[in-house]
Amino acid sequence: MKHGAIARMQHFSMEVSNTDKSIEFYRKILGFKLTERHKAFEVPAIPVELTFMRLGDAHHELVLVHNPKKKYRKRPSRPEDDLDGPPSFHHFALECDTRDDWLKVVSIINENSIEVVRGPVVHSGYVSSGDGSWGENEAIYILDPDGHRVEIFWALAKIGIDGTHINIKGEKVPGTKTEEL
Ligand SMILES: [Fe+2]
């Protein structure tokens, strides 16, 4: 079944326990800009603090939500260790256009002693440096101030017309297939 009515995925929104800390993290470590920040009940129907942040020129790509009435528990650093609780998100990912840009982010992460929970890693079963996983990209996973896992990557494979995956060099990755075209 072809749907096709939705153009793309656009923003991501999550709760944070301390808006100031999170704004600082997303600005300093990941290069987001603050678009606007609003208190709870500025609009009567919105009982939470909303902070809109962006990387490009869209009004927001990341929305931080803080409920001043909520007591926030600490998350385990690995989502896999959260064995009792409601379903939560696992990670969200930010893309760099070039390896130099990606390495710049890795440097910023290291210079600021940000907790790395995985990587740097090459997700590939094709190149010799790969970890055997999927998508033909290079990634690092870090934790934000609340323990939300954020992936930063570059070089994600594209899907060719016949479903073969195509890496950043334009090579068809042997043995790859795609469930739906
Ligand atoms: Fe990912």
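## The sheet β1-β4-β3-β2

In this predicted model, four strands form an open sheet whose order is β1-β4-β3-β2 and whose pairing is mixed. The edge positions belong to β1 and β2 (33-38); each has a single partner strand, so one side of each is left without a neighbour in the sheet. From one strand to the next, the twist averages 20°.

Within this sheet, β2 and β3 are paired in the antiparallel sense, with 5 bridges between them. One position can be traced exactly: L34 has M53 in β3 as its bridge partner.

## The surroundings of H60

H60 is placed in the loop that lies between β3 (49-54) and β4 (62-66). Is this residue buried, partly exposed or exposed? The count of other C-beta atoms within 10 Å of H60 is 19. Because a residue is classed as buried at 20 or more such atoms and as exposed at 12 or fewer, H60 is partly exposed.

Leaving aside residues up to four places away in sequence, H60 touches H11, T35, F52, M53 and R54. Among these contacts is M53, the residue already named as the bridge partner of L34. A further histidine, H90, is 30 residues from H60 along the chain, and the C-alpha atoms of the two are separated by 21 Å.

## The sheet β5-β8-β7-β6

A second set of strands, in the order β5-β8-β7-β6, makes an open sheet of 4 strands with mixed pairing. Here the edge strands are β5 (92-96) and β6 (116-123), each of which pairs on one side only. The twist in this sheet averages 20° from one strand to the next.

Strand β7 (residues 137-143) pairs with β6 in the antiparallel sense over 5 bridges, and V122 has E138 in β7 as its bridge partner. β7 also runs antiparallel to β8, to which 6 bridges join it; in that pairing, V150 of β8 is the bridge partner of I142. β7 and β8 form a hairpin with 5 residues between them, and G147 in the turn has a positive phi of about 85°. β7 is mostly covered, with 5 of its 7 residues buried.

## Helix α2 against the sheet

Helix α2 (residues 99-111) packs on the sheet β5-β8-β7-β6 and touches β5, β6, β7 and β8 (149-154). The direction of α2 makes about 145° with that of β8.

What span should the 13 residues of α2 have, at 1.5 Å a residue? The expected value is 18 Å, and the end C-alpha atoms of α2 are 18 Å apart, which agrees. Just after α2, S113 takes a positive phi of about 50°.

## Two domains and their contact

The domain assignment of the protein gives domain 1 as 1-69 and domain 2 as 91-174. The C-alpha centres of domain 1 and domain 2 lie 23 Å apart. Contact between them involves 10 residues of domain 1 and 10 residues of domain 2.

Which elements each supply at least two residues of the side of domain 1 that touches domain 2? They are β1 (12-15) and α1 (19-28). The most is given by α1, with 3 residues. By residue class, the side of domain 1 that touches domain 2 divides into 6 nonpolar, 3 polar and 1 charged.

## Overall architecture

The protein has 2 helices and 10 strands. Read from the N terminus on, the elements run β-α-β-β-β-β-α-β-β-β-β-β. The C-alpha trace spans about 55 × 40 × 35 Å along its principal axes.

Of the 181 residues of the protein, 17% count as buried. Among contacts between residues at least 6 apart in sequence, 45% join residues at least 24 apart.

Terms used: Residues are numbered from 1 along each chain as its sequence is written. This is a predicted model: local features need pLDDT of at least 70, side-chain atom pairs count only at pLDDT 80 or more; totals for chains, interfaces and linings use all residues. Domain bounds come from an automatic or database domain assignment. Two residues are in contact if their C-beta atoms, placed from the backbone, lie within 7 Å. Ala, Val, Leu, Ile, Met, Phe, Trp, Tyr, Cys and Pro count as nonpolar, Asp, Glu, Lys and Arg as charged, and the others, Gly among them, as polar. Two strands pair if DSSP finds at least two bridges between them. Axes are lines fitted to C-alpha atoms, for helices over the stretch in contact, and angles run from 0 to 180 degrees between N-to-C directions. The expected span of a helix is 1.5 Å times one less than its number of residues.
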